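Q: Please take a close look at how the helices pack in this model, against one another and against the sheet. A single connected account is fine.

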Amino acid sequence: MTKTIILYHPRTFHEKNYRYYYIPYSLLSLTTNIDLQRYRLHLVDNNVHRRADWSSWLADLDEPPLCVGISSMIGAQIGDALAFARAVGEVFPGVPRIWGGALPTVLPELTAAHRDVDIAVVGQGQETFAEVLHAMMAGADLSSVAGLSFRRDEGVHHTAPRPLPDLNRFRPFRDVYHLLDVQQYVRVDEHINQRTINYHSSQGCPFSCGFCSEVALWNRKWSGLTPDRILTDLEFLADNYQINGIKFYDAEFFIRRDRVLEFARQVEQRRLDLRWAAAVHPRNLDRLSDAELALLSRSGASRLLMGAESGVQDELNLINKKTDREMLLRLARRCAEHGLVASFSFVTGYPGSTGAHIEASLDFAAELHAAGPEHEAKVHFYAPYPGTPLYPMALKHGFVPPRSLEEWCDYDYYYITTPWVDSKYEEQVRQFNEAAYPYLHPAPEPDATTERICPIIR
């Protein structure tokens with residue numbers, strides 16, 4: 001007998017500065033290690049379904065679910081996740097609500113202690129969630145399942161940490177895309193192509209940038225799919241959904257030089273009509289030769305996102321970026337020569353920074369933006385994240401962290417969250433971003449009177 005499982009992705013309100021939402025791989029990745037014959041799945045993405053109240057939908061289910069999985073990042077997404085978890089608790093008292101994603105990974109104690117959380121998955125969830133399902137079906141204790149935090153009488157209990165798994169061990173995405181309405185996530189991207197979709201080919205990042213939440217999430221570990229695995233998925237998307245653009249959502253697509261060059265060679269050899277964009281650390285891009293950059297361009301590379309981070313060398317040293325202005329300017333020129341759009345992201349307002357530092361970063365961002373005909377630049381305010389190298393320094397400089405999940409809902413790096421940055425810079429940065437970055441104008445909201453109903457996936 002099959003058991004029902006609900007997987008819920010809250011609305012990404014914190015991405016309100018972007019026009020689009022994309023496939024929720026935080027949910028889809030779980031299904032790559034679940035027995036699809038044994039469980040009946042509801043994959044609910046509230047970016048698509050846009051329900052404010054899920055109580056009636058839950059009440060109409062044929063049976064109570066075995067459990068509910070909820071993915072959430074830090075920020076306004078938490079509010080929608082809490083509302084859904086509360087509705088589950090009211091309609092199905094006693095059904096476990098299992099939270100995963102960046103939020104419980106970075107804040108396991110705070111997450112697991114919340115009344116609307118029964119179990120928190122810490123770290124990558126494919127193996128952990130599958131083992132939790134097995135334990136629930138067997139009526140076994142969860143203490144033997146690695147990567148969990150949950151309440152017990154004496155407080156929050158944490159099981160052993162789980163290592164980052166090899167992603168190639170799991171079912172390919174092409175075998176689970178049918179669990180979603182993929183057409184809902186196809187987008188026009190002026191720097192990629194007319195039918196663009198997102199894709200995750202790796203998890204983690206070995207770099208240790210002082211402000212970056214990736215350090216807290218993965219502890220500098222990395223796992224990536226092989227080029228053949230990636231291309232087989234992309235060919236499936238092209239054949240079945242006419243996809244001709246791929247936006248890699250990896251933290252860093254270029255971790256392994258041999259992997260990205262083999263990917264580019266295979267795209268060229270297979271003559272795929274494909275354009276793609278990805279993130280790259282400036283150092284990893286700088287070590288590529290002109291011939292290798294030309295190969296990337298021939299393979300359809302169109303837009304490379306780079307963390308420039310600051311126009312002040314002392315700040316680059318502070319965050320352990322191991323780059324400099326000369327390298328970034330060189331990369332801006334080289335990208336332009338090879339027809340690649342360079343999209344530079346900046347973080348400003350680090351602990352101890354001054355208004356002069358912010359002005360210097362804005363000036364340098366403008367310089368990089370002007371170094372190529374279509375280059376972009378975007379500036380964020382530094383937001384202290386627990387577990388990152390700079391977090392203790394932020395506390396010493398007077399940052400007072402939120403004390404509850406509800407307070408973490410208001411966390412947004414497009415706004416100033418630290419006491420040492422003058423609020424006058426919010427408007428200045430907003431105006432700069434709107435002029436130098438094309439993705440900050442929201443898409444029209446769908447008709448509020450219509451609600452798509454989440455299908456049961458059998």
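A: **Helix packing**

In this predicted model, the crossing of helix 9 and helix 10 is right-handed. Helix 9 covers residues 227-241 and helix 10 covers residues 257-269; their axes lie 9 Å apart and form an angle of about 40 degrees. Helix 9 is therefore oblique to helix 10. On the helix 9 side, the contact is made by Pro227, Asp228, Ile230, Leu231 and Leu234, which meet Arg259, Glu262, Phe263, Gln266 and Val267 of helix 10. By class, the residues of this contact are six nonpolar, one polar and three charged.

The sheet is the other part of the request. It is open and mixed in its pairing, with seven strands in the order 2-1-3-4-5-6-7. Strand 2 (39-45) and strand 7 (155-158) are the edges: each has a single partner strand, so one side of each lacks a neighbour in the sheet. From one strand to the next, the twist averages 20 degrees. Strand 3 (residues 67-71) pairs with strand 4 (residues 97-100) in the parallel sense, over four bridges. Within this pair, Ser71 stands opposite Gly100 of strand 4.

Helix 4 (residues 77-91) packs on the sheet and touches strand 1 (3-9), strand 3 and strand 4. The direction of helix 4 makes about 165 degrees with that of strand 4. Helix 7 (residues 126-138) lies across strand 1, strand 2, strand 3, strand 4, strand 5 (119-121) and strand 6 (148-152). Relative to strand 1, helix 7 runs at about 145 degrees.

Note on methods:
Residues are numbered from 1 along each chain as its sequence is written. This is a predicted model: local features need pLDDT of at least 70, side-chain atom pairs count only at pLDDT 80 or more; totals for chains, interfaces and linings use all residues. Side-chain values use heavy atoms; hydrogens and water are left out. Axes are lines fitted to C-alpha atoms, for helices over the stretch in contact, and angles run from 0 to 180 degrees between N-to-C directions. Helices (H or I, at least four residues) and strands (E, at least two) are DSSP runs, numbered from the N terminus. Angles under 35 degrees count as roughly parallel, over 145 as roughly antiparallel, 65 to 115 as roughly perpendicular and the rest as oblique. A crossing is left-handed if the near helix is turned anticlockwise from the far one by less than a right angle, and right-handed if clockwise. Contact means heavy atoms within 4.5 Å. Ala, Val, Leu, Ile, Met, Phe, Trp, Tyr, Cys and Pro count as nonpolar, Asp, Glu, Lys and Arg as charged, and the others, Gly among them, as polar. Two strands pair if DSSP finds at least two bridges between them.
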